[in-house]
Amino acid sequence: MCGIVGYIGHREAYPIVIKGLHRLEYRGYDSAGIALFDGKELNLCKTKGKVADLEAKFNGTTSKAGNVGIGHTRWATHGVPNDVNSHPHYSNSGNLVIIHNGIIENYSSLKKELIKRGYTFQSDTDTEVLVNLIEDVMINEDVKLGKAVQIALNQTIGAYAITVFDKRKQNELVVARLGSPLAIGIGENEFFIASDASPFIEFTNNAIYLEDGEMAVVRLGKEIKVRKIHDDTLVDPYVQELQLNLEQIEKGGYDHFMLKEIYEQPSAITDTYRGRMLVDEGIIRMAGVDDNIERIAKAKRILIVACGTSWHAGLVAEYIFEDLARIPVEVEYASEFRYRNPVIYENDVVIAISQSGETADTMAAIKLAKEKGAFVFGVCNVVGSSISRETHAGAYTHAGPEIGVASTKAFTTQITVLTLMALKLAKYRGTISDSDFRHHLQQLEAIPAKIAKVLETTNEHIKEIAFKYKDVSNCLYLGRGYNFPVALEGALKLKEISYIHAEGYPAAEMKHGPIALIDEQMPVVVIATKMGHYDKVVSNIQEIKSRKGKIIGIVTEGDTEVKELADYVIEVPDTIESLTPLLTTIPMQLLSYHIAVMLDKNVDQPRNLAKSVTVE
Ligand code: G6P
């Protein structure tokens, strides 16, 4: 939620900050702004709309000169998206300027206090309150910017990643974080600030990720001093060498990041299991599981907490863990779990799934589970993210950066990691035979090639189906067993990027409600691969057909039965039942993608959504 970028050094700041904002636009895109310092004056330009609108507004109105700059791309929390509420925000004197990602929950009482002291406010934001609070502390307590930021933050309740600049102190930026990510890129006598490393990766591979509750004064010609906000203790900062490269964060010839990421799934899944799955030896190695195997394998229960698409991956994992490892599993929305006083036993294992590793609700659920004594295992994509650091152990998905807001390769790689984990536990617990274990490994190894085949053979056909149904108002997605969560995920993808109302349902539940919606206008996507419940799903298709619903069947190659009933079928290769979600989800991603493109929607940045939800 919101992306922040800052630069201080010897280069022109504007091109770095604007490019950085483009790369962070996945975090929020309802308004944007930049403040530049040219050595004398602060020049500010901000606007409702996208970063491209900001660029257009800059041209001709505002000077782009300066070696210091801070920029922001916003996902509104306090105050509607408009020019005035956009960041950066000045303090009343015009000396301080701030960018902020997060929410100051007690902003209203702080604001009242500041108004009493004569401060005035232009915007409806909590951020403008914070910058004036900092200014007030500077004046009243006669302290420098760093100290004032610290004192002010200790009066706030909420979450933040901030960067503050004082035009009287042109060599430094002050940064702080609590609950929202913040990285400091370290160059040769230059520093970069950003919500993730993508804005500065072409300039430096060295970065410090601030921990929650830390702040730093970033001063040219000086070492970075990191300290704890609440008690002022100095912290030895860990400078990480980043593995990210530029190619990974560019579109690489695809029209959209989402399409690129859909097509990356064969290689992403291979990267997920590479080095972990030794098929010939019949071994799975996962350090986070191996080191804690007793604890995890003896769990009486596994609780999975996640949000959005990651929650759907958790639902697939429920089937896999129960089926293979015979451990009872409960899957919870992190946002519900954290607020309902859940019963958590010390021998429970909690698995937190998060692509970004920053989702606020998932983070809070982890903290709660830890407080109650559970062992918490993280499945994250972003290396070094807050969740990956907060959990006792974990496994990365290694999917590479996912930039499209609608999650695709994160979902399939999460399922891959969770499958490996379930297989490993099953072997340890003796709930799977050696031959079955090896068979699973062989089948998983074959998945990337099968996804590549689905992409190659179905894309054009799916475009035709998309064209046919692009103007509908509603769509139903049905699946059973392992493919029920895939139906939920298919519906979510369509809603997110095309704004067509869609619902996912377990196929058999259709007769308890959704069947009432079916008429000749209603397309129903039914996952009907050859598996345990195939015959039952075929009966469900008959029920839809007799009510004149339009059927799009996702079937196993060579299927004839569904073909006779359905208006369209999309074939996927055969595999074992537990791995079908890795194949059946691909046509759904493509269908949503093509419909959204045909409707001229903004595929990578759908309205009101953001990639990383760091507010509660
Ligand atoms: C947002 C994103 C979704 C994502 C969800 C959970 O809503 O738009 O794509 O599934 O957050 O995010 P996480 O990073 O925790 O997986």
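This report describes the annotated N-terminal span, the two largest pockets and one parallel strand pair of a predicted model.

## Annotated span

An unreviewed UniProt entry carries the annotation "domain: Glutamine amidotransferase type-2", which covers residues 2-221. In the predicted model, strand accounts for 33% of residues 2-221 and helix for 25%. The C-alpha atoms at the two ends of residues 2-221 are 29 Å apart.

## Largest pocket

The largest pocket has a volume of about 1000 Å³. Its lining comprises 44 residues, of which L244, V382, V383, G400 and P401 are the closest to the centre. Three elements each give two or more residues to this lining: β15 (239-241), α7 (265-273) and α13 (386-390). Among the elements, α7 gives the most, with 3 residues.

By class, the lining of the largest pocket consists of 16 polar, 14 nonpolar and 14 charged residues. Domain 1 (3-248) and domain 2 (252-432) each provide at least three residues of the lining of the largest pocket.

## Second largest pocket

The volume of the second largest pocket is about 570 Å³. This pocket is lined by 30 residues, and those closest to its centre are C307, G308, T309, A610 and V613. At least two lining residues come from each of α10 (308-325), β20 (348-354), α12 (360-371) and α16 (484-498). Helix α10 makes the largest contribution, with 5 residues.

The lining of the second largest pocket contains 14 nonpolar, 11 polar and 5 charged residues. At least three of its residues are drawn from domain 2 (252-432), and at least three from domain 3 (455-601).

## Strand pair β18 and β19

Strands β18 (residues 301-306) and β19 (residues 329-333) run parallel and are joined by 5 bridges. Within this pair, I302 stands opposite V329 in β19. The connection from β18 to β19 passes through α10, forming a right-handed β-α-β crossover.

Helix α10 thus links two parts of this description: the helix lies on the path between β18 and β19, and α10 also supplies the largest share of the lining of the second largest pocket.

How values were computed: Residues numbered from 1 in each chain as written. Predicted model: local features only at pLDDT ≥ 70, side-chain atom pairs only at ≥ 80, totals over all residues. Heavy atoms only, no water. UniProt positions renumbered as here; feature names shortened; annotations may be inferred. Helix = DSSP H or I, 4+ residues; strand = E, 2+ residues; numbered from the N terminus. 1 Å grid on protein atoms, 1.4 Å probe; cavity = no way out; pocket = protein on both sides within 12 Å on 5 of 7 lines; lining within 4 Å. Points joined across faces, edges and corners; volume = space filled by probe spheres on them. Nonpolar A, V, L, I, M, F, W, Y, C, P; charged D, E, K, R; others polar. Domains from an automatic or database assignment. Pairing = 2+ DSSP bridges. Right-handed = clockwise from strand over helix to strand, strands pointing away.
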